[in-house]
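Let's take a walk through this structure, starting with some strands and ending with aromatic rings. Keep the 3D view open as you read.

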Amino acid sequence: MLTIKKTFYLLLIGLSTFSVKAQDSLTLFKTINNQYNIERSFKNNYYYNPAAMSGYSSTSFSEFSVVYHDKNDKAYRQQFGSGDKGLTVEAKSFQKLKTNRYIWGNASYQNLTIKNLNWVENLDYERIAPYISSDSVGGNLNLERYEFAGGYLQKTNRWTFAGKISYLAQLGYRSRDPRLRSTTSDLQINAGINYKVFKEYEVGVFGEFNKYTQNSSITFQSLLGRPFVYQMTGFGYSNNIFNGGTGPSTTFEEFVVKGGLQITNKQGKDFYLQATAGSSDNVKSYSDITNYYDISDLENKTFELEGAKFFNINEKHRVGLLANYFASKRTGSEYGYSLNTASMTQIFKRKAYRRENYATIIKGFYQYNQDRFSITATPFWGFEEIKERRLNPNSGQKFKYSYIGISADYKQQIKANQVLTFQPYFSKRTVNKSINALASTANAGIDGWVFQDYIFQTSDITTAGASLRYDFKLEKLPAFFVSAQYQSQKIQEKNNNFIGGSIGITF
């Protein structure tokens, strides 16, 4: 794992590889309005195809920022902790080298403390659940995260070729019993090809290969006793053969393959339609000092369909509509071993877990532009259904949610070298239906955790917040910015609070 000093060094080297071009021909307001264009984030999935990056921006830009945040939750799921606080340092850039050649990339380092993490002794819970390692003690977890990514695009008369490589590494550790040490490695390779079929209409194909590894180990130094470590299989149940252990360690190996098709006009500025399908296989292995055993296999199949249409009403008004449908099916298989021989022998592999997730979201877009200010509003509505169950023993739960909300962005030029940005937002999750078919595990502590987790998932959530940012530019220097953010979330009559602040430069 990289040290902090080396990470900062790589951040600076990575940033310096990009050619920095002055934007003197644009006012600060127009530069900021383009660099932080809300429409770009509104249709973020469109740029999953790297060949679509030629329409990302008409000008080059870069940013270096330092961000601090502190999140304190009073109502939370124990396996995610009661919030986190920490520092993020990030550099990112998009460069238009020529009319037919682009490069982009980012590098970041994050140092976090996750508070009161319990019932999970792994990282990336949502990626590996339900096959996690758990104990009843937990505690604060220190987390370091490193990420590097870079992309390249080349255009010809009708063809566009592009590729992107990203790498994310994490180190999670705890300095008191149970002393978790978990590392992850996540390599992702994306490629895309677009072909101009008629005028500005393009058809594109794109794909992704992802290799993910997580190694987690738990050690103890106390001589007075140690918590029992469970190898969970869902809803509080666990693998009796591999529970306990004096120094248990787990390894997750996952391969992901995705592919998609995209149809677009005017580089997504008029409309686009895209479909993506993917498949992954995540195998968990267990070890206690010596031997390794495969104990579970989690397969995941996904499908996503998204389309958007935009209209210009004279030069000042722009409206759009986006619809997205997402479906995933996870199937978990568990391995059985015989203890009637000198060494354990695998005797079966059976499907025992299933989780289905279906979500639909519709978003609106309205933007009004003037020479000195812009206003953007993006209301949204969504529906989600989650069905989760396991066999032998039978247990399960089901949820139906509806979502509604709106976010806004107001940018105002104060002076020629000063810009103010205000972004309020509001959202509400409503539980339309929930079904509890959970079975007792005969362990009061685990049953309490599972039921508390169920109650959280059956709770309405109201979120409101805002951010304020101030950009200013001094003569012969890059533009500087400072920003602050506050968010309040009401769950079960309790308030979860988030505060954050950042400083940085843009050029």
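Strands here are DSSP runs of at least two residues, numbered from the N terminus, and two of them pair if DSSP finds at least two bridges between them. One thing to keep in mind is that this is a predicted model.

With that in hand, find S5 and S6. These two strands make a hairpin, with three residues between them. S5 covers residues 139–155 and S6 covers residues 159–173; they run antiparallel and are joined by 14 bridges. If you want a spot to check on screen, go to Gly150, whose bridge partner in S6 is Ile165.

S6 also has a partner in S7. The chain gets from S6 to S7 through five residues, in another hairpin. S7 takes in residues 179–198, and its pairing with S6 is antiparallel over 15 bridges. Here the pair to look up is Phe161, which stands opposite Ile193 in S7. While you're looking at strands, remember that in a regular strand the side chains alternate between the two faces of the sheet.

Now for the rings. How many aromatic pairs does a search of the whole structure find? The count is 33. Take Tyr56 and Phe94: their ring centres are 5.2 Å apart and the planes meet at 45 degrees, so this pair is tilted. The two residues are 38 apart and link distant parts of the chain, with Tyr56 in the loop between helix H3 and strand S1, and Phe94 in strand S2. Are they buried or exposed? Tyr56 is partly exposed, at a relative accessible area of 24%, whereas Phe94 is buried, at 1%.

Phe399 and Tyr454 are another tilted pair, because their planes sit at 40 degrees, with the ring centres 5.7 Å apart. Phe399 belongs to strand S17 and Tyr454 to helix H5, so this pair ties together parts that are 55 residues apart in sequence. Phe399 is buried, with a relative accessible area of 1%. Tyr454 counts as buried too, at 8% relative accessibility.

Back to Tyr56 and Phe94, which belong to a cluster linked by ring pairs. Its other members are Tyr46, Tyr47, Phe61, Tyr102 and Tyr272. Tyr46 has a charged visitor as well: Lys43 lies over the face of its ring, at 5.4 Å from the centre. You can find a similar arrangement at Phe311, where the charged end of Lys309 sits over the ring, 5.2 Å from its centre.

Note on methods
Residues numbered from 1 in each chain as written. Predicted model: local features only at pLDDT ≥ 70, side-chain atom pairs only at ≥ 80, totals over all residues. Heavy atoms only, no water. Helix = DSSP H or I, 4+ residues; strand = E, 2+ residues; numbered from the N terminus. Phe/Tyr/Trp six-rings, centres within 6.5 Å; stacked < 30°, edge-to-face > 60°. Buried < 20%, exposed > 50% of the residue type's maximum accessible area, 1.4 Å probe, protein only. Lys NZ or Arg CZ within 6 Å of the ring centre and 35° of its normal.
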